[in-house]
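Biologist: I'm new to reading protein models. Please show me one and take me through its features, one at a time.

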Amino acid sequence: MASEMIVESGSSIIDFGMELVADHTSVVSLNLFVALLCGCIVVGHLLEENRWINESITALVIGLCTGIIILLTTRGKSSHLFLFNEELFFIYLLPPIIFNAGFQVKKKQFFRNIMTIVLFGAFGTLISFCIISLGALHFFQKMNIGSLDLGDYLAIGAIFSATDSVCTLQVLNQDETPLLYSLVFGEGVVNDATSVVLFNAIQNFDLSHMNSSIILQFIGNFLYLFIASTVLGILVGLLSAYIIKKLYFGRHSTDREVALMILMAYFSYMLAELFYLSAILTVFFCGIVMSHYTWHNVTESSRVTTKHAFATLSFVAEIFIFLYVGMDALDIEKWRFVSHSPGKSIGVSSILLGLVLVGRAAFVFPLSSLSNLTKKYSHEKLNLEQQVTIWWAGLMRGAVSMALAYNQFTRSGHTHLPGNAIMITSTITVVLSSTVFFGMMTKPLIGILLPQPKYTMSMLSSEPSSPKSFTVPLLTNDDPNSHSQSQSHSHSPLGLFLRIPAHTVHHYWRRFDDAFMRPVFGGRGFVPFVPGSPTEDPNQQWQTEGPLEAAVDDNKTILIQTRW
C-alpha cells in the first residue's frame with residue numbers, strides 16, 4: 001500500500017510539473033506574441049509614409065519571418081505560437097473590428113449610397129459566389145484533388161467571396177473621396193456579412209440531394225438570417241440608448257456608462273451567435289445605432305473614451321489577425337500533405353486567384369453602370385477610374401476567408417485528408433499573395449488612378465455627427481456644369497424610378513426620427529438638459545462638442561465642421 005501511495009503521489013507530482021511547464025510555455029508564447037504586436041505597431045509607424053507598405057502587410061511579413069524563425073528553432077515541428085482557432089477569431093477578434101466600422105461610419109454617406117452598397121455587397125457577392133463555386137466545380141473535378149462534395153464547392157465560393165479591403169481603406173481619404181470611401185467601406189462590411197450568412201446557410205442544409213424545395217429553403221434561410229440579424233442589432237442599440245438616457249449613469253460614474261456601452265456592443269454579437277444569426281450584421285448595425293443615439297447620451301469625457309477605446313480595440317485585433325495569419329501560413333502539418341504534389345497545389349491556388357479576379361469584375365463594372373443610372377449629378381457617378389479602384393479593393397482576401405476555410409476543411413485546426421489540406425494551403429497561398437502583391441500595389445495604383453480628387457465634398461447630414469471627427473470644406477450641390485452634364489441622364493425613366501424612392505425614404509425617415517425616435521432614445525438636440533446629466537444644454541453644444549455642423553435641406557447642403 002505504501003509503495004502504491006508513493007507511486008500515485010509521484011505520478012501526481014509529475015502531472016503537476018507538466019502542467020507548470022505547459023503554463024510556463026503559454027506564458028512565454030503570450031510574451032512573444034505581445035512583443036510582436038508592439039513591434040508591428042512601431043514598424044508600421046516608421047513606414048507610415050512608405051509608398052508600398054501598409055500596416056497589414058507589415059504584420060503579415062513580421063508573422064512570416066517569425067514563423068520561419070520558430071520553424072528553424074523547433075527543427076520543423078511548428079511555425080506558430082498558438083494553434084489557429086476559428087472560434088478565437090469569430091468570438092474575440094472580429095467583434096471589435098466590425099462594431100468599430102459601424103460606430104465610426106459617416107452615416108449620411110453610408111445611407112446616401114445604401115442602394116449601391118447593397119448592390120455591390122449583397123448581389124455582387126452572390127454573383128461572385130456563383131462564379132467561384134461553378135469554376136471550382138468545373139476545374140477541381142478534372143484535377144482530382146480529393147473527395148470534395150457539392151457542399152464543399154459551394155463553401156469554396158463563400159470562402160473566396162469574402163473580401164478584405166483594409167489595405168485600400170488605409171490609402172483612401174474619407175474626406176477627399178467620400179463617395180469612393182463609403183462604397184468600398186460599406187461593400188466590405190456587407191460583403192463579409194453576406195459571405196458568412198451564405199457559408200452558414202450552406203452548412204445548415206443537406207445539399208447532397210438538390211431540388212427546387214431545397215433551393216427555396218436555402219434562399220428563405222438566407223433572407224431570414226439577413227433581416228433578423230439586422231433587426232436584432234438595431235434593437236440592442238436602441239436598448240442601450242434608452243437605458244443610458246433614462247438612468248443618467250454619468251451623474252455618478254462615467255466608468256459605468258463606458259462599460260455599459262462596451263458590454264452592450266459585445267452582447268449584441270453574442271446574442272446573434274446564441275440565436276444562430278449573422279453576428280457580423282448584428283454588431284455592425286448595433287454600432288450604427290449606438291453612434292446615432294447612445295453616444296450622444298453620455299458625458300463628454302465618455303464620448304472621447306468610447307471613441308478611442310473602440311478604435312484601439314479594432315486596431316489591435318486587425319494587427320493580431322494579420323500577424324497570426326503570417327505565422328500560420330508556414331504550418332508544416334498542412335504543407336506535408338501537398339509536398340508530394342506541389343504542382344497541383346500551385347494549380348489550385350492559381351485557379352482560385354483567377355476566379356477571384358473574374359468573379360470580382362463580373363459584377364463591379366455592370367453594377368456600377370446600373371448604379372450610375374440612379375445618380376442625378378455627374379460627380380455622383382462612378383467613372384472608370386473609380387470602378388477600377390473598387391474592383392481592385394475587393395481582390396484581397398484576409399482573415400474571414402482563412403477562418404471560414406479552417407471551419408470547413410479542418411477539425412480543431414488539424415486536417416488529415418489530402419483534399420482538405422490542399423484547400424487549406426491554397427487558401428493560405430491566395431490570402432498571402434493577394435494581400436502582399438495587391439496590397440503593395442494599392443498606393444501606387446490609386447496614385448495613378450486618382451492623382452487629385454475632383455471633388456473634396458463630404459455630404460453630411462443635419463443629424464448628430466458620428467464619433468469620428470473630421471473637417472469638411474464648404475459644399476453646394478448647385479453646380480450648373482454638373483447639372484447640365486447629367487441632365488439628359490438624370491431624367492431617364494430607370495434613373496427616376498430608382499432614385500426617387502431612395503430620396504423619399506430618406507426624407508420620411510428623417511421626419512420620423514425627429515418626431516418619434518430621438519425624443520425617446522436620445523440624440524443631440526432632443527435630450528432635455530438636466531443638471532448633472534450626461535447631456536449638455538442644446539444652446540451651448542458648440543462650446544462643448546468637438547464636431548460642429550450646420551445643415552440646410554437635404555438637396556442643398558452646406559456643412560462646416562471644426563475641431564475645437
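**Reading the model**

Modeller: Let's start with a single residue: Phe111 has a relative accessible area of 34%, so we call it partly exposed. The scale works like this: under 20% relative accessible area is buried, over 50% is exposed, and in between is partly exposed, using a 1.4 Å probe and protein chains only.

Biologist: What kind of model is this, and how are its residues numbered?

Modeller: It's a predicted model, with residues numbered from 1 along each chain as its sequence is written; local features need pLDDT of at least 70 and side-chain atom pairs count only at pLDDT 80 or more, while totals for chains, interfaces and linings use all residues. Side-chain values use heavy atoms, with hydrogens and water left out.

Biologist: Zooming out, what share of the protein is buried?

Modeller: Of its 564 residues, 53% are buried. The accessible surface comes to about 25800 Å², and carbon and sulfur atoms own 68% of that. Such areas come from the Shrake-Rupley method with a 1.4 Å probe, and for residues only the protein chains shown count as cover.

Biologist: How many helices and strands does the protein have?

Modeller: There are 20 helices and zero strands. These are DSSP runs numbered from the N terminus: helices are H or I with at least four residues, strands are E with at least two.

Biologist: What do contacts tell me about residues far apart in the sequence?

Modeller: A contact means heavy atoms within 4.5 Å. Among contacts here with a separation of 6 or more, 82% join residues 24 or more positions apart.

Biologist: How should I read a nonpolar core, and which residues touch the most other members here?

Modeller: In soluble globular proteins, nonpolar side chains tend to be buried together. We define a nonpolar core as a set of buried Ala, Val, Leu, Ile, Met, Phe, Trp, Tyr and Cys residues joined through side-chain atoms within 4.5 Å. The largest one here has 127 residues, and Phe89, Phe140, Ile156, Phe284 and Met423 touch the most other members. Helix H8 (residues 178-203) supplies the largest share of this core, 15 residues. Apart from this core there's another one of six residues, including Leu238, Val289, Met517 and Phe521.

Biologist: Which residues does Met423 touch?

Modeller: Leaving out residues up to four places away in sequence, Met423 touches Phe140, Ile145, Leu148, Ile156, Val348, Leu352 and Phe409.

Biologist: Which residues make the nonpolar patch on the surface?

Modeller: Patches use residues with over 30% relative accessible area and no salt bridge; like charges are joined within 9 Å, and nonpolar side chains (Val, Leu, Ile, Met, Phe, Trp, Tyr) within 5 Å. Here Leu150, Met210, Ile215, Ile219, Leu223, Ile227, Val231 and Leu235 make a patch of about 690 Å². Helix H9 (residues 212-247) gives the most, six residues.

Biologist: How many aromatic pairs are there?

Modeller: Rings of Phe, Tyr and Trp (its six-membered ring) pair if their centres lie within 6.5 Å; planes under 30 degrees apart are stacked, over 60 edge-to-face, and the rest tilted. That rule gives 19 aromatic pairs. One is our Phe111 with Phe110, edge-to-face at 5.1 Å centre to centre and 85° between the planes. Phe284 and Phe285 are also edge-to-face, at 5.4 Å and 80°. These four join Tyr181 and Phe185 in one aromatic cluster. Phe110, at 2% relative accessibility, is buried, and so is Phe284 at 1%.

Biologist: How many salt bridges turn up in the whole structure?

Modeller: Four. A salt bridge is a side-chain nitrogen of Lys or Arg within 4 Å of a carboxyl oxygen of Asp or Glu. Take Glu187 and Arg360, whose side chains meet at 2.5 Å, N to O. Glu187 sits in helix H8 and Arg360 in helix H14 (residues 342-372), 173 residues apart, so this pair links distant parts of the chain. Both residues are buried.

Biologist: Where do Asp514 and Arg518 lie?

Modeller: Both are in helix H19 (residues 493-521), four residues apart, about one turn of the helix. Their side chains meet in a salt bridge at 3.6 Å, N to O. Asp514 is partly exposed at 30% relative accessibility, whereas Arg518 is buried at 3%. Together with Asp513, they're linked in a network of salt bridges.
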